[in-house]
Amino acid sequence: MVVLVSLHGWLVKVPLTPPRGMDDILPEEIPLHRSLVETVRLLFRLYGYKEVETPPVEYYELFAVKSGQEILSHMYVFEDAHGRRLALRPEMTAPIARLVAGRLSRSPQPIRLGYVADCYRLDEPQWGRRRRFYHGGFEIFGSKEPAADAECMVIFDDFLRRVGIKDYYFKVGHVGVQRAIMSAAGISDVDQDTILALLDKGRVEEAEESVRKLAKKGEGGTLFSEVATHPAGPAIATVDELSVRLVGVEKAAKELGNLRKIIKLASQVIEPSKIIYYPGFARGLSYYTGFIFEAYGEGAGIALGGGGRYDGLVSLIGGPEVPGVGFAIGLTRIMQYLTDRLMVKPQPDSPLAFVVPLAEESVEFAFKAAHEFRRAGVPTEFEPAAYSPSEAIRRAERRGARFLVLVGRREAERDVVSVRDLAGRFQEEWRVEEIYGRAEALLSRTRVG
Ligand code: HAM
């Protein structure tokens with residue numbers, strides 16, 4: 001849809017749609033979006049996360065430091081009037097780490113921070129992949145303990161259950177294992193990032209080839225390949241299979257032991273069969289140093305969210321040495337999953353009461369009566385023009401209102417309104433000064449259905 005409008009005397013085309021890959025959120029979609037956001041906020045409260053907000057625009061360098069090539073090549077980057085390079089945030093971990101490196105650097109640790117934020121990536125738009133999407137995220141700074149990592153998975157599990165997703169599994173991995181093998185073979189951190197990025201893209205053979213070429217000592221190449229190609233399976237059993245192979249490879253074995261502890265802790269809450277270890281798993285962001293995970297819903301080939309441990313990030317952006325672990329829930333993708341795959345029907349918000357004047361002369365009184373309902377906490381929509389009773393009913397039903405409040409000339413003269421339950425349970429006259437006291441009955445009626 002494109003319209004022509006006049007601009008400085010010229011006719012220019014203005015699309016009536018947002019930029020490609022971005023979405024308007026319409027009235028019928030807002031309640032579902034809001035309920036996902038409210039679930040995230042409830043979890044902030046339940047698990048002790050303090051919510052923060054950061055601007056959608058950041059300095060480009062914040063992400064350039066350690067987010068990785070994959071993210072950098074998909075960023076919206078622009079210059080401001082002073083030539084400063086800015087970017088629309090593609091994710092929230094770096095901005096939150098910036099806070100911990102700066103204004104929150106003196107906060108007692110561990111510090112738990114949460115956010116609900118729109119992020120922007122120049123991804124090729126397709127199902128579940130948009131150029132503007134919401135993250136609901138949780139980050140813990142200041143603890144290296146496996147319980148902090150396990151908590152992330154447990155919160156995600158809690159979220160999925162609360163929003164009605166039952167069939168899902170967690171894909172877990174540990175880049176600390178791969179990094180330890182590569183470090184022991186003398187491969188630099190930068191090369192490790194490149195190799196992990198290849199693994200993330202499924203280019204396993206190229207990753208193996210790079211390790212073989214770059215390994216300066218030991219059996220790094222062989223070990224790396226063994227881990228990268230080891231079949232995925234139930235988490236604890238697969239960790240135990242692999243740990244036999246890592247006996248004597250001290251650092252890598254320790255990292256694998258760390259993964260085992262995390263899974264053991266998380267399995268007390270999450271059904272163990274839902275946790276699958278993929279030894280060759282890596283994620284697209286290069287700041288990860290240890291445990292990583294993603295959640296997948298039945299029938300969706302792309303992750304509903306993910307995260308992991310990033311112990312070096314805060315110091316890399318100029319802060320103290322503070323370990324971190326966290327994850328982000330892909331709220332936009334989850335909303336699409338709920339509507340397209342689980343067939344959840346989005347419903348617009350509807351007023352509980354709908355007030356309609358039946359005559360021009362009763363508009364004033366009806367207007368005041370509508371306010372009395374709102375004072376009592378009843379969501380009430382007012383029809384500004386007068387209509388016949390049958391048209392009033394039609395209009396109330398179209399809006400999904402449960403109670404229709406009619407105010408005719410005779411009602412206005414007697415200071416009363418006529419309240420009708422459109423579910424057919426009652427029709428009563430209420431004096432206007434009674435509205436405040438009696439409206440609770442409307443709320444409780446809808447609460448019990
Ligand atoms: P991420 O895996 O890039 O991680 O994004 C997290 C989730 O956001 C994805 O699993 C997916 O559900 C959703 N998502 C990503 N890109 C898009 C897109 N183009 N359209 C719709 N949804 C998308 C991060 O961003 C890390 N900051 C997560 C994290 C937090 N790690 C540690 N703490």
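This is a short dialogue on reading a ligand site and a surface patch in a predicted model.

Me: Which residues are closest to the ligand, and how many surround it?

Reply: A residue is counted as near the ligand if one of its heavy atoms lies within 4 Å of it. Here 27 residues surround the ligand, and the closest are Glu91, Asp123, Arg130, His135 and Tyr288.

Me: How do the residues of that shell divide into nonpolar, polar and charged?

Reply: The shell around the ligand holds ten nonpolar, nine polar and eight charged residues.

Me: Which polar atoms lie beside the ligand's nitrogen and oxygen atoms?

Reply: A polar contact is a pair of N or O atoms within 3.5 Å. Aspartate 123 places a polar side-chain atom 2.8 Å from a ligand nitrogen. In the side chain of arginine 283, an N or O atom is 2.8 Å from a ligand oxygen. Phenylalanine 327 takes part through its backbone, with a polar atom 3.3 Å from a ligand nitrogen.

Me: How much of the ligand does the protein bury?

Reply: The ligand taken alone exposes 660 Å², and the protein buries 96% of that.

Me: Which elements give two or more residues to the shell?

Reply: They are strand E8 (132-141), strand E13 (305-309) and strand E14 (324-330).

Me: Turning to the surface, which residues make the nonpolar patch?

Reply: A residue needs over 30% relative accessible area to belong to a patch. Met1, Val3, Val5, Val14 and Leu16 make one of about 420 Å².

Me: Why is valine 5 called partly exposed?

Reply: Partly exposed lies between the 20% and 50% limits. Valine 5, in strand E1 (residues 2-7), is partly exposed because its relative accessible area is 33%.

Conventions:
Residues are numbered from 1 along each chain as its sequence is written. This is a predicted model: local features need pLDDT of at least 70, side-chain atom pairs count only at pLDDT 80 or more; totals for chains, interfaces and linings use all residues. Side-chain values use heavy atoms; hydrogens and water are left out. Patches are made of residues with over 30% relative accessible area and no salt bridge: like charges are joined within 9 Å, nonpolar side chains (Val, Leu, Ile, Met, Phe, Trp, Tyr) within 5 Å. Accessible areas come from the Shrake-Rupley method with a 1.4 Å probe; for residues, only the protein chains shown count as cover. A salt bridge is a side-chain nitrogen of Lys or Arg within 4 Å of a carboxyl oxygen of Asp or Glu. Helices (H or I, at least four residues) and strands (E, at least two) are DSSP runs, numbered from the N terminus. Buried means under 20% relative accessible area, exposed over 50%, partly exposed in between (1.4 Å probe, protein chains only). A polar contact is a pair of N or O atoms within 3.5 Å; within protein, one must be able to donate a hydrogen and the other to accept it, and residues adjacent in sequence count only if both atoms are side-chain atoms. Ala, Val, Leu, Ile, Met, Phe, Trp, Tyr, Cys and Pro count as nonpolar, Asp, Glu, Lys and Arg as charged, and the others, Gly among them, as polar.
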